[in-house]
Amino acid sequence: MSKKEETGVQEAPKGFSVGGFLQETKEELDKVVWPSRQQLLSESAGVLLMVMLSATLIYLIDNFFRWASGQVFG
């Protein structure tokens with residue numbers, strides 16, 4: 001008995017089938033839990049808020065280091 005037979009692993013069939021691919025894609029998309037409109041809007045707002053806060057923090061730190069290097073080297 002080969003190792004594959006012992007573990008119960010089956011080999012995938014050779015070749016590519018467009019019909020099989022589309023069917024499997026549809027099956028996978030049916031498993032997706034799509035967010036509601038409210039979830040989408042609130043999570044998008046959260047992402048935008050975090051991006052703005054991060055950008056502001058980076059801007060402030062950059063200006064602080066620009067000021068500090070001006071004090072040291074200027």
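pLDDT is the predictor's confidence in each residue, on a scale from 0 to 100. You need that number here, since what you're looking at is a predicted model. Averaged over the protein, the pLDDT comes to 88, and 82% of the residues score at least 70. Confidence varies from one element to another: helix α1 (residues 3-7) has the lowest mean pLDDT, 59, while α3 has the highest, 97.

## The overall picture

Let's begin with the fold. The protein has three helices and zero strands. If you follow the sequence from start to finish, the pattern reads α-α-α.

How much of the protein counts as buried? Of its 74 residues, the share is 0%. The protein exposes about 7,400 Å², and carbon and sulfur atoms supply 66% of that area.

## A look at helix α2

Helix α2 covers residues 18-31. Does it lie largely in the open or not, and why? What is the number of buried residues among its 14? That number is zero, so α2 lies largely in the open.

You can also check its length for yourself. At 1.5 Å a residue, the 14 residues of α2 should span 20 Å. The C-alpha atoms at its two ends are 20 Å apart, which agrees with that expectation.

## Salt bridges

Now for the charged side chains. How many salt bridges does the count come to? The count is three, and here they are side by side:

| Salt bridge | Closest N to O distance |
|---|---|
| Asp 30 and Lys 26 | 3.1 Å |
| Lys 31 and Glu 28 | 3.2 Å |
| Arg 66 and Asp 62 | 3.1 Å |

Take the pair Asp 30 and Lys 26 to begin with. Both residues lie in helix α2, four residues apart, which is about one turn of the helix. Both of them are exposed.

Lys 31 and Glu 28 also belong to helix α2; they sit three residues apart, so about one helical turn separates them. Lys 31 is exposed, with a relative accessible area of 59%. Glu 28, at 47%, is partly exposed. The cut-off that matters here is 50%: exposed means over that value, and partly exposed runs from there down to 20%.

The pair Arg 66 and Asp 62 takes us to helix α3. These two are four residues apart, so again the separation is about one helical turn. Arg 66 is exposed at 53% relative accessible area, whereas Asp 62 counts as partly exposed at 38%.

## Aromatic rings

On to the rings. The structure holds three aromatic pairs. In one of them, the rings of Phe 16 and Phe 21 have their centres 5.8 Å apart and their planes at 45 degrees, so the pair is tilted. To count as edge-to-face, the planes would have to be over 60 degrees apart, and under 30 degrees would count as stacked. Phe 16 is exposed, with a relative accessible area of 66%, and Phe 21 is partly exposed at 44%.

What about Phe 64 and Phe 65: how are their rings arranged? Their centres are 5.6 Å apart and their planes meet at 65 degrees, so this pair is edge-to-face. Phe 64 counts as partly exposed, with a relative accessibility of 47%. Phe 65 is exposed, at 53%.

Those two rings also have company. Ring pairs link Phe 64, Phe 65 and Trp 67 into a cluster.

## A nonpolar patch on the surface

The cluster leads straight to another feature. Which residues make the nonpolar surface patch? They are Leu 57, Ile 61, Phe 64, Phe 65 and Trp 67, and the patch covers about 570 Å². So where does Phe 64 sit along the chain? Its place is in helix α3, which runs over residues 37-73. To join a patch, a residue needs over 30% relative accessible area, and Phe 64 has 47%.

## Pulling it together

Helix α3 has the highest mean pLDDT among the elements. Arg 66 and Asp 62, in helix α3, form a salt bridge there, and Phe 64 lies in that helix too. Phe 64 takes part in the ring cluster with Phe 65 and Trp 67, and these residues are among the makers of the nonpolar patch. Helix α2, for its part, has zero buried residues and holds the salt-bridged residues Asp 30 and Lys 26.

Methods:
Residues numbered from 1 in each chain as written. Predicted model: local features only at pLDDT ≥ 70, side-chain atom pairs only at ≥ 80, totals over all residues. Heavy atoms only, no water. Patch = residues over 30% accessible without salt bridge, like charges linked within 9 Å, V, L, I, M, F, W, Y side chains within 5 Å. Areas by Shrake-Rupley, 256 points an atom, 1.4 Å probe, with all protein chains shown as cover. Salt bridge = Lys/Arg side-chain N within 4 Å of Asp/Glu carboxyl O. Buried < 20%, exposed > 50% of the residue type's maximum accessible area, 1.4 Å probe, protein only. Phe/Tyr/Trp six-rings, centres within 6.5 Å; stacked < 30°, edge-to-face > 60°. Expected span 1.5 Å × (residues − 1).
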